[in-house]
Amino acid sequence: MSVKIKPITDHESYEVNTHTVFKDSFGNWNSKNALSVKEREAFYQYETSVIKNPRFKKHIKATYKG
């Protein structure tokens, strides 16, 4: 299963497959729908490599296979 991540608003919301992941008022990432284990792992990997990376001026689409 591959996981596709697409930025909606950098640092605020992202589409993970068909689910929207957003940052709440406490700074935590949440989704109204439950993410699968693979989707959560892919998003946290994306967060580490893209979202928290200051060298990325604009966040990119990514696909994780696993």
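Colleague: Which residues touch the most other members of the largest nonpolar core?
Modeller: Happy to start there, with the reminder that this is a predicted model. The core in question holds 14 residues. Those that touch the most other members are Ile5, Tyr14, Phe43, Tyr46 and Tyr64.

Colleague: Which element gives the largest share of this core?
Modeller: Two or more core residues come from each of strand 1 (2–9), strand 2 (13–16), helix 1 (37–51) and strand 5 (62–65). The largest share is 5 residues, and the element that supplies it is helix 1.

Colleague: Nice. What pattern does the protein follow along the sequence?
Modeller: There are 5 strands and 1 helix to place. Read in sequence order, they give β-β-β-β-α-β.

Colleague: And how compact is the protein for its 66 residues?
Modeller: The globule rule gives 11 Å for this length, and the radius of gyration is close to that, so the protein is as compact as a globular protein of 66 residues. Along the principal axes, the C-alpha trace spans about 30 × 25 × 15 Å. The radius of gyration itself is 11 Å.

Colleague: What percentage of the residues count as buried?
Modeller: Burial here means under 20% relative accessible area. Applied to the 66 residues of the protein, that cut-off gives 32%.

Colleague: How much of the exposed area do carbon and sulfur atoms supply?
Modeller: The protein exposes about 4600 Å². Of that area, the carbon and sulfur share is 52%.

Colleague: Last one: how far apart are the mean positions of the positive and negative charges?
Modeller: The protein has 12 positive and 7 negative charges. Taking the mean position of each set, the separation is 6 Å.

Note on methods
Residues numbered from 1 in each chain as written. Predicted model: local features only at pLDDT ≥ 70, side-chain atom pairs only at ≥ 80, totals over all residues. Heavy atoms only, no water. Helix = DSSP H or I, 4+ residues; strand = E, 2+ residues; numbered from the N terminus. Rg over C-alpha atoms; globule rule 2.2 N^0.38 Å. Buried < 20%, exposed > 50% of the residue type's maximum accessible area, 1.4 Å probe, protein only. Areas by Shrake-Rupley, 256 points an atom, 1.4 Å probe, with all protein chains shown as cover. Lys, Arg positive; Asp, Glu negative; His and termini not counted. Charge placed at Lys NZ, Arg CZ, Asp CG, Glu CD. Core = buried A, V, L, I, M, F, W, Y, C linked by side-chain atoms within 4.5 Å.
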